[in-house]
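This report describes selected features of one protein model together with its bound ligand. It takes up backbone geometry, the ligand surroundings, salt bridges and one domain interface.

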Amino acid sequence: MVFSGEVHPFRNPVQSLHFDVLQKIKSMGFSAVSIYIHWGLLEPERGEISFEGFRDLQPFFDAAKKAGLYVIARPGPYINAETAGGGLPGWGTYTPGLWRTANASYVEAYQPYIKAVGEVIANNQITHGGPVILVQAENEYSGFWPPYTEDFEYEAQLLKDFRNAGIVVPITTNDAWPGGHFTSVDIYGYDSYPNGFDCAHPYVWSPDAVPEYFWGSHEQLNPEDPNAVYEFQGGGFDGWGGAGYEGCSVLTGPEFERVFYKNQYAMSTTIFNIYMTFGGTNWGGISHPGVYTSYDYGAAITESRVLREKYYETKLQANFLAVSPAYLTSKPQNIGSTQGSFTGNSALKTTQTLDVVGNKTGFYIVRQTDASSFAVQSYNLTLPTSVGALQIPVLGGSLTLSGKDSKIHVVDYAAGSTTLLYSTSEILTWATIDGQDIILLYGNQGELHETAFILPQTPGSSPFARVVSGTATIKQQVLPSGALAIQYTATDQTVVQIGPKLKVFILDRSTAYQYWVLHPPTVGSFASFGTENPIIVKGGYLLRTASVSDGNLAITGDLNDTATFEIIAPAASSRTVSFNSEKLNTKKTSYGTLTASRNAHLPDVDLPKLNSLTWRAADSLPEILPNYSDEKWTVADLETTFNEWNWTTPLILFSSPYGYHTGNILWRAHFTATGMETGFSANISGGLAFAYSMWLDDSFIGAWTGDAPSDTHNDTHNFPSPLVSGSSHIITILMDHMGIEQSWAGASDWFRMPRGVLGYSFVNSPDTNVTAWKLTGNLGGESYVDHVRGPLNEGGLYAERQGWHLPGFDDSKWALGKPTEGISNPGVAFYRTTFDLNIPHGVDYPLAFVFTNSTTNPHFRAKLYVNGYQFGRYINHIGPQKVFPVPQGILRYNGQNTLAVSLWATDAGGAKINSLNLELRQKVETSFGPIDNAPAPTWRQRPNAF
Ligand code: IPT
């Protein structure tokens with residue numbers, strides 16, 4: 001079973017933190033991690049491919065291998081992913097040809113990238129001792145810009161290019177639905193987001209959202225392959241003005257995971273990747289216009305790397321499948337006629353999924369017919385078993401299924417030398433330890449369940465179940481077949497001994513959540529991938545590893561509170577036990593496990609009060625001052641460019657053909673007045689939620705403050721007074737570039753959507769002569785300055801061009817001024833301060849910068865720069881994001897930090913930030929660390945800055 005979690009290395013620039021997330025995924029019981037690689041970040045200037053800084057892939061591959069996770073590498077060339085250009089480079093927007101087709105100019109464009117990235121991936125394949133087992137070509141090559149259709153020549157070319165780069169592992173692709181596109185890959189698969197993306201209504205599920213028809217498509221398209229889902233919904237993205245990620249996490253919470261993931265198991269899915277498992281951050285200009293800074297995604301692991309309840313639910317499922325080899329050779333038997341089957345209750349659907357190789361084990365997946373129903377259903381199961389058909393529960397009573405729930409009932413399921421003839425409670429895991437079979441079963445609290453065991457023959461004795469711990473009462477009966485059936489209700493934990501060789505733990509769900517299955521490393525370079533000698537431990541917010549030496553069991557992990565451990569391990573491997581290197585004072589229970597309690601070490605820390613720090617401020621809009629020279633700006637002199645979008649200007653006035661693809665863009669129109677003009681009209685395109693401000697010389701003439709649904713805005717801004725005929729003036733426009741659009745459909749030009757001025761005119765003066773249009777974005781454009789923080793970190797603000805956001809810049813001559821004092825005129829102010837942190841090792845205390853909403857002149861935007869990394873774009877009146885997590889490693893936890901804030905006021909009265917604080921998101925003791933800080937080169941004079 002490839003049970004995988006999606007993570008985007010580029011959404012976390014701290015290389016040393018990858019291992020934390022990967023260990024968390026491993027501890028969930030997963031076997032793999034799936035990653036996108038972003039072409040545009042790696043090749044921002046055509047021909048200059050860089051793996052510098054956070055773009056180096058090797059640390060991630062190494063960390064995955066160390067954590068014991070296989071890797072599915074997805075380098076595109078197109079990736080979608082709610083990222084700028086969907087991963088296509090900015091220079092692609094003006095490079096001719098139909099992209100994502102066999103068009104020669106596109107093929108020539110992507111080939112050097114696929115060669116370079118392919119070689120790095122190839123070196124990390126399992127055949128070379130690395131973790132990579134699958135490589136995905138393209139992404140959702142499923143929709144096509146009319147009149148174009150699927151380009152088979154492109155697909156063949158791309159496969160050839162992957163092979164030429166040295167890829168020998170199977171090549172995959174993810175169709176957007178099981179639609180049969182790009183089936184020439186080795187293992188075709190598809191994506192599924194059954195609950196959609198309406199995070200504002202997280203309790204609304206569509207009644208028929210559970211897609212059962214996928215199985216038919218799989219049987220038709222590639223029955224000989226694993227049923228592969230390369231992206232299954234693990235959360236949702238959220239856009240400007242959206243509902244926020246907590247809503248997304250509810251929409252895709254534990255109930256969703258139970259119903260929708262289990263239905264996918266009902267269809268024998270054996271390659272299953274959850275998108276996202278850890279979303280990360282759209283720091284810098286990584287986002288496309290449809291999302292904001294956070295890419296938390298409502299995933300199992302939050303942006304601050306905190307575990308949500310849904311993490312623990314998925315852990316139960318992944319651990320079960322990891323010990324269920326019969327599942328790997330199963331096939332559903334009754335797709336399309338699941339309603340009422342095996343239960344006689346038409347409000348329920350039950351899929352029968354049988355092991356068609358072992359011909360023994362059956363999985364019966366029960367769910368509500370109307371997935372959105374909250375009704376509680378009771379049912380009895382009539383199931384075929386190895387001893388004939390049984391009416392379950394055999395010992396009387398009936399089973400219940402709550403609304404928005406689903407269960408996997410097993411039949412003839414082998415667990416060591418024990419066989420579960422059937423179980424209505426679900427299996428968390430099982431293991432054979434010191435000759436005893438240990439089986440962990442769970443159900444919702446208070447639910448009635450029944451399990452029957454077929455035990456190895458013990459002559460002369462009939463099986464009997466004895467409660468050795470816990471409060472559950474057990475009803476039991478030896479069935480005619482000789483199997484022992486026990487009936488019980490799950491509350492907390494009850495341990496039952498059955499004969500000398502079987503111990504059953506009956507857990508309710510929240511108790512089950514607390515269990516971890518750890519595997520001490522085996523030998524060799526794949527030691528962390530071992531699945532032998534499981535050690536089962538209850539307790540702890542997160543357990544990461546177990547290792548055994550000289551009879552000592554060393555457990556590592558994270559605690560957020562006092563932990564009460566219960567350890568199920570071979571006696572010889574647990575004569576003593578330590579947690580995070582401290583010896584535990586263990587006690588042996590009457591039934592042979594070890595218990596111990598351990599306090600969490602959670603020292604208090606002092607955080608700076610940001611508003612009490614010394615801040616310095618400077619104007620970041622000298623461009624409107626009379627003495628400012630735009631001599632070094634790019635002259636907008638192109639008469640045409642390759643682009644099918646419409647524009648009405650005589651010269652090209654959008655930024656990409658001039659090499660500016662991110663952040664703020666500034667324009668200057670030099671003109672000679674006729675004396676007739678009363679204002680300036682312009683149609684400006686910036687992407688969703690963008691804004692612009694406009695000046696005539698140094699007079700503010702107006703702004704578009706922006707709203708969530710608008711990506712362009714056409715408006716007229718009047719001049720304050722008539723101009724003298726023949727006099728020279730300048731219109732200055734400051735605007736947002738919200739990111740290059742994605743190009744979801746093949747052959748589409750969507751990513752070429754212009755950012756800039758699509759049309760303009762002088763009111764009442766058609767003859768006004770613009771003598772020059774000039775523009776600037778980030779310093780250097782595609783030849784960007786900061787190779788460590790990458791091509792999307794800096795935009796075109798004066799402060800950014802000068803490098804004022806960087807640590808080490810000397811602001812001592814600046815005036816005092818705080819973002820909470822703000823400015824009283826429209827414009828851009830830039831603020832800097834420094835503060836120290838002193839947070840001890842051995843804890844994980846994620847931090848976030850938190851804004852509160854300002855109602856005075858509410859239309860403004862702020863960007864946060866932490867040690868030079870742009871880690872937040874706040875739009876006061878659009879939101880929704882107010883909390884901006886910044887990871888350790890960007891923040892220096894033991895040393896000095898430089899915080900910079902840009903404030904762009906689009907209201908005539910200026911703006912100020914209401915409050916900005918640094919807050920703790922969580923406190924845990926951790927075995928993880930120490931964390932190496934991401935490199936943060938300091939300011940150096942930028943000779944060509946302007
Ligand atoms: C699917 C993409 O493959 C993935 O890159 C990402 O954009 C995801 O959606 C949504 O977060 S596209 C599918 C929803 C049509």
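P147 is placed in the loop that runs between strand 4 (132–136) and helix 5 (152–164). The peptide bond that joins P146 to P147 is cis, with omega at about 5°. The coordinates come from a predicted model, and the values below should be read accordingly.

**Backbone geometry**

A cis peptide bond also leads from Y275 to M276, where omega is near -10°. M276 belongs to strand 8, which covers residues 269–278. A further backbone feature concerns N533, which is not a glycine and yet has a positive phi of about 50°. N533 is located in the loop between strand 26 (515–518) and strand 27 (535–538).

**Ligand surroundings**

The ligand is surrounded by 15 residues, and the closest of these are Y36, N80, E82, E140 and Y297. For three of the side chains, the table gives the distance between a polar side-chain atom and an oxygen atom of the ligand.

| Residue | Distance to a ligand oxygen atom |
|---|---|
| Y36 | 2.7 Å |
| N80 | 2.7 Å |
| E82 | 2.5 Å |

In the cases of Y36 and N80, the side-chain partner is an N or O atom. For E82, the partner is a polar side-chain atom.

**Salt bridges**

The structure contains 31 salt bridges. One of them pairs R258 with D405, with 3.1 Å between the closest N and O atoms. R258 is part of helix 8 (residues 254–266), whereas D405 sits in the loop between strand 15 (399–401) and strand 16 (406–415), so this pair ties together parts that are 147 residues apart in sequence.

**Domain organisation and the interface of domains 3 and 4**

The domain assignment divides the protein chain into domain 1 (2–307), domain 2 (331–548), domain 3 (610–619 + 793–925) and domain 4 (639–776). Domain 3 is thus assigned in two segments, 610–619 and 793–925.

Which distance separates the C-alpha centres of domain 3 and domain 4? These centres lie 28 Å apart. The contact between the two domains involves 21 residues of domain 3 and 21 residues of domain 4. Interface size is often expressed as the accessible area that is lost when the parts come together. Between domain 3 and domain 4, the buried area is about 1400 Å², and carbon and sulfur atoms contribute 61% of it. On the domain 3 side, R861, W904 and T906 lose the most area to domain 4, and together they account for 34% of what that side buries.

How many salt bridges are counted between domain 3 and domain 4? The count is 1. R861 and D736 form a salt bridge through their side chains, with an N to O distance of 2.7 Å. R861 is also among the residues of domain 3 that lose the most area to domain 4. In addition, 8 residue pairs are in polar contact across this interface.

Several elements of domain 3 give two or more residues to the side that touches domain 4: helix 12 (798–802), strand 46 (827–838), strand 49 (860–866), strand 50 (869–875) and strand 52 (894–905). Classified by residue type, that side of domain 3 comprises 8 nonpolar, 6 polar and 7 charged residues.

Conventions: Residues numbered from 1 in each chain as written. Predicted model: local features only at pLDDT ≥ 70, side-chain atom pairs only at ≥ 80, totals over all residues. Heavy atoms only, no water. Domains from an automatic or database assignment. Contact = heavy atoms within 4.5 Å. Buried area = accessible area lost by both parts, 1.4 Å probe. Salt bridge = Lys/Arg side-chain N within 4 Å of Asp/Glu carboxyl O. Polar contact = N/O pair within 3.5 Å; in protein donor to acceptor, adjacent residues only side chain to side chain. Helix = DSSP H or I, 4+ residues; strand = E, 2+ residues; numbered from the N terminus. Nonpolar A, V, L, I, M, F, W, Y, C, P; charged D, E, K, R; others polar. Near = heavy atom within 4 Å.
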